[in-house]
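Trainee: Could you take me through one part of this model closely, namely the loops and the elements that flank them? I would like one connected account, with each term explained when it is needed.

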Amino acid sequence: MKRLLFLLLTCLLAPALSLAHSGKARYHIIVDTDGAADDLRALCLLLGNREAEVLAVTASDGAQHPRRTAACVSGLLRTLHHEGIPVGCGRTAGAAAPPWRAHSEQVDWGDTPAAERYPDAPALLAETIDHEEEPIIVVALGALTNFDNLFAARPALKNRIDRIIWYNDASQPLEGANYRTDPAAARNLLASGIPVQMVSACDESPVIIDAAWLDTIATVPSPCARRIVATHRTLPLSRLVEQRHLQAWDDLAALALFMPELFDRRQLTPTVTVCTLRNPATFCGATLALLQGKPDAESRVFYGFPTGRDCYAQDVEPIVGQAVVLHGPSEWRAAVLTNELHGHLGIYATIGVKMGIRAREYFNIGVDDIEVTTYAGHCPPISCMNDGLQVGTGATVGHGLIRVAECSTPRPEALFRFKNKAVRMRLKPEYADRIRRDVQRGIELYGNLTEDYWQYIRQLALQYWLEFDRHEIFEVQAEEVGL
């Protein structure tokens, strides 16, 4: 007990780097991509850091055709379980396909859908900007066609853009591949009055994407890091890595958003700044830090969260390491806090945690950002799910973000709303049936609500905590807001 108190106090009193914060994203961004391999790396850096909220991703012409790029982005988001981020498809710009298109079309972005319709990019951009209260940063990794089309139709929306971070592989804005794909769009945006940070690599000292960098990224136990490594260790990128052909290009735009201090700045016009990576040697450590994130990203009291096995009860201790590896530190943290709050290791409380974390993952957001309507009712055991939903999402009764719907038949189901999007999740029938059978067996063996029954329930809860994968146990259905 004394050791546990010491460990908790150590966490509480850890360095003053853990400054108070709301848990909400610092940057609200729209990403535009032309589907190159460096765009995949840039997207993973942006999606994998809680400081940024990716509002939407649009596809532009360039390394791939916009329709193919939209499918690749959708596949990446599905693989990372961020299906709630909308994807739009822009028009072709009429430029000749670049020499690297053949390689780009072979890159494995993830669970790419065979056929899917995507909204028109300018229309999606307009809808996204209309529904966002915070200033928006555009991270442009290709041609500027989609934004040129948007502002031609809705010029007032320029006032909602904080700045554009545009990667262009030249030290002058009127050169480079992303400029050449749609020169007219680039000239219009650079003269629009919107602040533009044009990011480029250092021609004299390029950053090579090599096996050593991949080995470093592979040490990060996050889905985004794993996606980068898996993609670059398979053909065709593995061959290009071996040939030392790949360089840090569009990924530098993500770095410029999070770590502008790493770049030299040169004012080209009153609204256009050229940003060049100052020291290529900083790239590896910077990208590692971005993918690792901050240890206190979800905590308000702890600095990080204890996962040492000696912190936990004797029957919990064996599952700690495996559960963190299988389900991630966010789920572990929320499940621990929920079961402490709940008063016992509960089955449906843990189901609520997994559902809440899955909903945040769907929208790729932090805590305290989502509205929840739960259909679990007010009577245990199913209502115990409500405790897990509150901790898993941060949508607590005190914040007024969770509502228990009045329904004649309580069920393990919830509706999650985030801005102008909504998703409904429910426990799949086969898992609900398994829980009912297992609990009934406990009643038959030990009687209802006896001490032996509660010990049996505790063991079931530990088993489900470890075995149930939040990506498998729920039915997930997007809904129109208001339904």
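Mentor: Burial is judged by relative accessible area, computed with a 1.4 Å probe on protein chains only: a residue is buried under 20%, exposed over 50%, and partly exposed in between. The model is predicted, so local features need pLDDT of at least 70 and side-chain atom pairs count only at pLDDT 80 or more, while totals for chains, interfaces and linings use all residues. Residues are numbered from 1 along each chain as its sequence is written, and side-chain values use heavy atoms, with hydrogens and water left out.

Let us begin with Leu-449, which sits in the loop between helix H18 (429-446) and helix H19 (451-467); helices (H or I, at least four residues) and strands (E, at least two) are DSSP runs numbered from the N terminus. Leu-449 is not a glycine, yet its phi is positive, at about 65°. With a relative accessible area of 54%, Leu-449 is exposed. Another residue other than glycine with a positive phi, near 55°, is Lys-419, placed in the loop between S11 and strand S12 (421-427). Lys-419 counts as partly exposed because its relative accessibility is 39%.

From Lys-419 we can step back into the strands. Strand S11 (residues 413-418) pairs with strand S9 (residues 371-374) in the antiparallel sense over four bridges, where pairing requires that DSSP finds at least two bridges between the two strands. Thr-373 has Leu-415 as its bridge partner in S11. S9 also pairs with strand S10 (residues 402-404), here in the parallel sense and over three bridges, and in S10 the partner of Thr-373 is Arg-403. Between S9 and S10 the chain passes through helix H17 (residues 385-393), and this β-α-β crossover is right-handed; that is, with the strands pointing away from the viewer, the path from the first strand over the helix to the second runs clockwise.

The loop between S9 and H17 holds Pro-381, and the peptide bond from Pro-380 to Pro-381 is cis, with omega near 5°. H17 itself packs with helix H16 (residues 347-363) at an angle of about 35°, the axes being 6 Å apart; axes are lines fitted to C-alpha atoms, for helices over the stretch in contact, and angles run from 0 to 180 degrees between N-to-C directions. The crossing of H16 and H17 is right-handed, meaning that the near helix is turned clockwise from the far one by less than a right angle. Among the residues of H16 that meet H17 are Tyr-348, Ile-351 and Arg-360, and H17 contributes Met-385, Gly-388, Leu-389, Gly-392 and Thr-393, where contact means heavy atoms within 4.5 Å. By class, the contact of H16 with H17 has eight nonpolar, five polar and one charged residues; Ala, Val, Leu, Ile, Met, Phe, Trp, Tyr, Cys and Pro count as nonpolar, Asp, Glu, Lys and Arg as charged, and the others, Gly among them, as polar.

A second cis peptide bond is found between Leu-235 and Pro-236, with omega about 5°, and Pro-236 belongs to the loop between H10 and H11. Helix H10 (residues 223-232) is mostly covered, seven of its ten residues being buried, and Arg-227 and His-232 are among them. The buried residues of H10 pack against helix H2 (37-47), helix H3 (66-79), helix H9 (211-217), helix H11 (237-242) and helix H13 (282-292).

Arg-227 leads us to one more loop, since it is touched by Gly-110, as are Gly-75 and Thr-79, not counting residues up to four places away in sequence. Gly-110 lies between helix H4 (101-104) and helix H5 (121-130), and its C-alpha atom is separated by 25 Å from that of Pro-122, twelve residues apart along the chain.

Last comes a hairpin, formed by S7 and S8 with four residues between them. S7 and strand S8 (residues 272-277) run antiparallel and are joined by five bridges, with Thr-276 in S8 as the bridge partner of Asp-264.
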